[in-house]
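This briefing goes through the model shown below, topic by topic. Please keep the sequence and the coordinates at hand while reading.

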Amino acid sequence: MAYVIAEPCIGTKDTACVDACPVDCIHPKKDTTYDDGRPKFEDVPQLYIDPVECIDCGACVPVCPVSAIFALDDLPEKWKQFTDLNESYVKAGKFTPEEFGKHQPKSSWPLFLEMRCPAARSVMTRMSNPVDIRPASRKRGNNQRGPVPRLPVLPTKFEEVARNLHLTKEMYTSSHELRLWCIENRNRVYIPEWLLGEWRITVEPTNSDVT
Ligand code: SF4
Ligand code: SF4
């Protein structure tokens with residue numbers, strides 16, 4: 001593998017590198033539908049370099065506005081996982097849903113389940129953990145009598161994700177998985193304002209169906 005796109009691309013995806021690449025090996029392309037079932041441009045958090053087709057020319061590096069592209073030898077240790085992540089999207093022009101699914105953080109599965117991507121959807125469905133559904137217990141007798149019980153305070157979707165990742169509040173900003181999830185879901189669920197500010201994540205005002 002020659003060059004790798006790392007975390008700074010997430011949420012940027014301005015595609016300057018795609019225009020600069022002489023061999024067309026950075027994917028997915030904007031406004032393009034693929035017949036092999038791979039996720040489209042709007043369905044992925046970042047772009048990926050095909051490690052087989054990349055000719056190691058370096059033309060994409062200087063045009064990236066957020067310095068997200070690295071030669072493999074220069075890739076910072078903290079982003080080493082992006083090598084496999086780039087490779088999992090397409091390799092020698094071929095998309096394999098199993099490979100791609102293996103490298104997606106669990107927190108982004110719900111998003112992929114909603115994607116218009118049947119191949120990825122079936123992979124994610126097979127990889128999901130079974131849901132723990134327990135039968136509800138009900139007390140016998142007149143439930144209208146006595147004080148009205150207080151309703152439990154339910155955690156928000158964000159709190160559920162942070163809890164599943166075993167994060168305390170102090171650990172939020174250093175969690176790559178949480179950041180990725182927030183970027184993907186920023187227009188869909190409530191995310192604490194201070195965290196959006198910390199990561200400079202913007203929420204689109206047109207998507208005001210946040211609950
Ligand atoms: S190094 Fe060259 S061939 Fe490889 S992705 Fe960048 S521009 Fe394309
Ligand atoms: S790697 Fe850089 S230039 Fe390419 S899409 Fe991502 S942010 Fe844009």
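In what follows, Ala, Val, Leu, Ile, Met, Phe, Trp, Tyr, Cys and Pro count as nonpolar, Asp, Glu, Lys and Arg as charged, and the others, Gly among them, as polar. By that scheme, the shell around ligand 1 has 12 nonpolar residues, one polar and no charged. The model is predicted. The protein chain has 211 residues, and buried residues make up 42% of them.

**Overall fold**

- The protein chain contains eight helices and four strands.
- Along the sequence these elements follow the pattern β-α-β-β-β-α-α-α-α-α-α-α.
- Among the contacts in the protein chain with a separation of 6 or more, 61% join residues 24 or more positions apart.
- The protein chain exposes about 13200 Å², and carbon and sulfur atoms supply 52% of that area.

**Ligand 1**

- There are 13 residues around ligand 1, and those that come nearest are C21, C54, C57, G58 and C60.
- C57, one of these nearest residues, is partly exposed because its relative accessibility is 44%.
- What does the shell around ligand 1 lack: nonpolar, polar or charged residues? The shell has no charged residues.

**Ligand 2**

- Ligand 2 also has 13 residues around it, of which C9, D14, T15, C17 and C64 come nearest.
- The shell around ligand 2 divides into nine nonpolar residues, two polar and two charged.
- C17, one of the nearest residues to ligand 2, is buried because its relative accessibility is 9%.
- T15, another of the nearest residues, sits in the loop between β1 (3-5) and α1 (16-20).
- T15 has a relative accessible area of 15%, so it is buried.
- Beyond its neighbours within four places in sequence, T15 is in contact with K30, F41 and L47.

**Cysteines and disulfides**

- Cysteines are among the residues that come nearest to ligand 1, including C21 and C54, and among those nearest to ligand 2, including C9 and C64.
- How many disulfides does the structure hold? The structure holds zero disulfides.
- A disulfide is a covalent bond between the sulfur atoms of two cysteines.

**Salt bridges**

- The structure holds seven salt bridges; the following bullets take up some of them.
- D24 pairs with K29, with the closest N and O atoms 3.3 Å apart.
- Is K29 buried or exposed? K29 is buried, because its relative accessibility is 17% and buried means under 20%.
- Its partner D24 is partly exposed, with a relative accessible area of 42%.
- R38 and D36 form a salt bridge through their side chains, at 2.8 Å from N to O.
- R38 counts as buried at 9% relative accessibility, whereas D36 counts as partly exposed at 29%.
- E99 and K102 form a salt bridge, also through their side chains, at 2.8 Å from N to O.
- Both E99 and K102 belong to helix α3 (residues 97-102), where they are three residues apart, about one turn of the helix.
- An α-helix has 3.6 residues a turn, so residues three or four places apart point the same way.
- E99 is partly exposed, with a relative accessible area of 31%, and K102 is exposed, with 54%.

**The loop ahead of α3**

- F95 lies in the loop between α2 (81-89) and α3.
- F95 is buried because its relative accessibility is 6%.
- How many residues apart in sequence are F95 and G37? They are 58 residues apart in sequence, and their C-alpha atoms are 8.0 Å apart in space.
- Leaving out neighbours within four places in sequence, F95 is in contact with D36, G37, R38, P39, Y89, V90 and F100.
- D36 and R38, both in contact with F95, are the two partners of the 2.8 Å salt bridge given above.

**Helix α7**

- Helix α7 spans residues 176-185 and is mostly covered, with eight of its 10 residues buried.
- The buried residues of α7 are L178, R179, L180, W181, C182, I183, E184 and N185.

Methods
Residues numbered from 1 in each chain as written. Chains lettered and ligands numbered in written order. Predicted model: local features only at pLDDT ≥ 70, side-chain atom pairs only at ≥ 80, totals over all residues. Heavy atoms only, no water. Near = heavy atom within 4 Å. Disulfide = S-S within 2.5 Å. Buried < 20%, exposed > 50% of the residue type's maximum accessible area, 1.4 Å probe, protein only. Helix = DSSP H or I, 4+ residues; strand = E, 2+ residues; numbered from the N terminus. Contact = heavy atoms within 4.5 Å. Areas by Shrake-Rupley, 256 points an atom, 1.4 Å probe, with all protein chains shown as cover. Salt bridge = Lys/Arg side-chain N within 4 Å of Asp/Glu carboxyl O.
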